[in-house]
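Grab a pencil and work through these exercises with the model open beside you. Try each task yourself before you read its solution.

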Amino acid sequence: MNIAAVSPHLDDAALSASVALGVGGATVVTVFTALPAAGIPVSWWDRLTGATDSLDRQRERLAEDTVAMGLLSATGVHLDEPEALYRDDEPDLDGAVQRMTELLASADEVWLPSAIGGHRDHLLARQAGLRAAVAAGHSRVMLYADFPYVIAYGWPSWVAGRPGGSYLDAAFWLADQMASARLDPAALTPVITRLTAEQRAAKAEIIAAYRTQAPALRLGPADLAADPSKLDYELAWQMPLTPPGDPAAAVP
Ligand SMILES: [Zn+2]
């Protein structure tokens, strides 16, 4: 099985689909990897994660991604579009779609972000990936649940297979997120992967590889020790593709 996965930022695909990508030989195409201009003010996220210079931080993140791709025995491809925090305008992704189309053409299976969590870049990457997958002749894709956003309120009861707490409905939150991301649950077939002990250990290693991001994502060693259920599952949906020109494929 030859998988090509689209990742909005350096870390998203590897954190969300570590089991599928961990089989080895995958191609992970990351869209928003451009270095910011030297001397720009440090972005709020970079500040939150302890950086004093966004250019240095993005270089660190590129190096982290190389390590993570090594752990997955995957090939990382960077499309070098500027991410939301390093740009002023909406990006023109036509060139990225063209490059993605070439990269997805030889894949048996295409994995894209579902855009759970409401990040503009995730939605843009998904829509660009959908355009590319259609252009490359694929009739379906896998949408991965963006991790750790998908577990902002824990795993929904239908994933974990046990009732949730009385005063917290994570399933409602996820359904609401999917609606916000313009996903139609009726068109999606969920695929739940329960991680084995070996897969959990491998995922913890991948998380640790993205060391500048893990604590702010609440995935540091102390976070995982306090709530080991974070590594219990990976969630994705199989989605049939709409033909070219279908309004459902347009970015809202
Ligand atoms: Zn992201």
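**Exercise 1. Work out how strand E7 (residues 233–240) sits in this predicted model: is it enclosed or open?**

Solution. Start by counting: six of the eight residues of E7 are buried. A residue counts as buried when its relative accessible area is under 20%. That count means E7 is largely enclosed by the rest of the structure.

Next, look at what pairs with E7. Strand E5 (residues 140–144) pairs with E7 in the antiparallel sense, over five bridges. To spot one of these contacts, find Val141, whose bridge partner in E7 is Met239. Strand E6 (residues 189–194) also pairs with E7 in the antiparallel sense, this time over six bridges. Here you can look for Thr189, whose partner in E7 is Gln238.

**Exercise 2. Find the order of the strands in the open sheet, and say which strands stand at its edges.**

Solution. Write down the order of the seven strands: E3-E2-E1-E4-E5-E7-E6. Now check the ends of your list. Strand E3 (75–78) and E6 stand at the edges with a single partner strand each, so one side of each has no neighbour in the sheet. As for twist, neighbouring strands of this sheet are turned by 25 degrees against each other on average, if you ignore direction.

Then consider the pairing, which is mixed. You've already met antiparallel pairs, such as E5 with E7. For a parallel one, go to strand E1 (residues 3–7) and strand E4 (residues 109–113), which pair over three bridges. Ile3 has Glu109 as its bridge partner in E4.

**Exercise 3. Which atoms coordinate the zinc ion, and why is their arrangement irregular?**

Solution. First list the donors: ND1 of His9, two OD atoms of Asp12, and NE2 of His122, at 2.1 to 2.7 Å. Along the chain, these donors follow the spacing H-x2-D-x109-H.

Now for the angles. The four donor atoms subtend angles of 52 to 146 degrees around the zinc ion. Four donors count as tetrahedral if all angles lie between 85 and 135 degrees. The spread of 52 to 146 degrees makes the arrangement irregular. Finally, check the surroundings: both His9 and Asp12 are buried.

**Exercise 4. How do helix H4 (residues 54–71) and helix H9 (residues 197–209) cross?**

Solution. You need two things for a pair of packed helices: the angle between their axes and the distance between the axes. For H4 and H9, the axes come within 8 Å and cross at roughly 165 degrees. Angles over 145 degrees count as roughly antiparallel. H4 and H9 are therefore roughly antiparallel to each other. The crossing of H4 and H9 is right-handed.

**Exercise 5. Where do Asp11, Arg182 and Pro148 lie, and what stands out in the backbone there?**

Solution. Keep the usual case in mind: most residues other than glycine have a negative phi, and most peptide bonds are trans.

Take Asp11, in the loop between E1 and helix H1 (12–16). Phi of Asp11 is near 130 degrees, so a positive value in a residue that isn't glycine. Asp11 is buried, with a relative accessible area of 5%.

Move on to Arg182, in the loop between helix H8 (170–180) and E6. Arg182 also isn't a glycine, yet has a positive phi of about 55 degrees. At 58% relative accessibility, Arg182 counts as exposed.

Last comes Pro148, in the loop between E5 and helix H7 (157–160). The peptide bond from Phe147 to Pro148 is cis, with omega near 10 degrees.

Technical notes
Residues numbered from 1 in each chain as written. Predicted model: local features only at pLDDT ≥ 70, side-chain atom pairs only at ≥ 80, totals over all residues. Heavy atoms only, no water. Donors = N, O, S within 2.8 Å, 3.2 Å for Na, K, Ca; no water. Tetrahedral: all angles 85-135°; square planar, octahedral: opposite > 155°, others 65-115°. Buried < 20%, exposed > 50% of the residue type's maximum accessible area, 1.4 Å probe, protein only. Helix = DSSP H or I, 4+ residues; strand = E, 2+ residues; numbered from the N terminus. Pairing = 2+ DSSP bridges. Axes fitted to C-alpha atoms, helices over the stretch in contact; angles between N-to-C directions. Parallel < 35°, antiparallel > 145°, perpendicular 65-115°, else oblique. Left-handed = near helix turned anticlockwise from the far one by under 90°.
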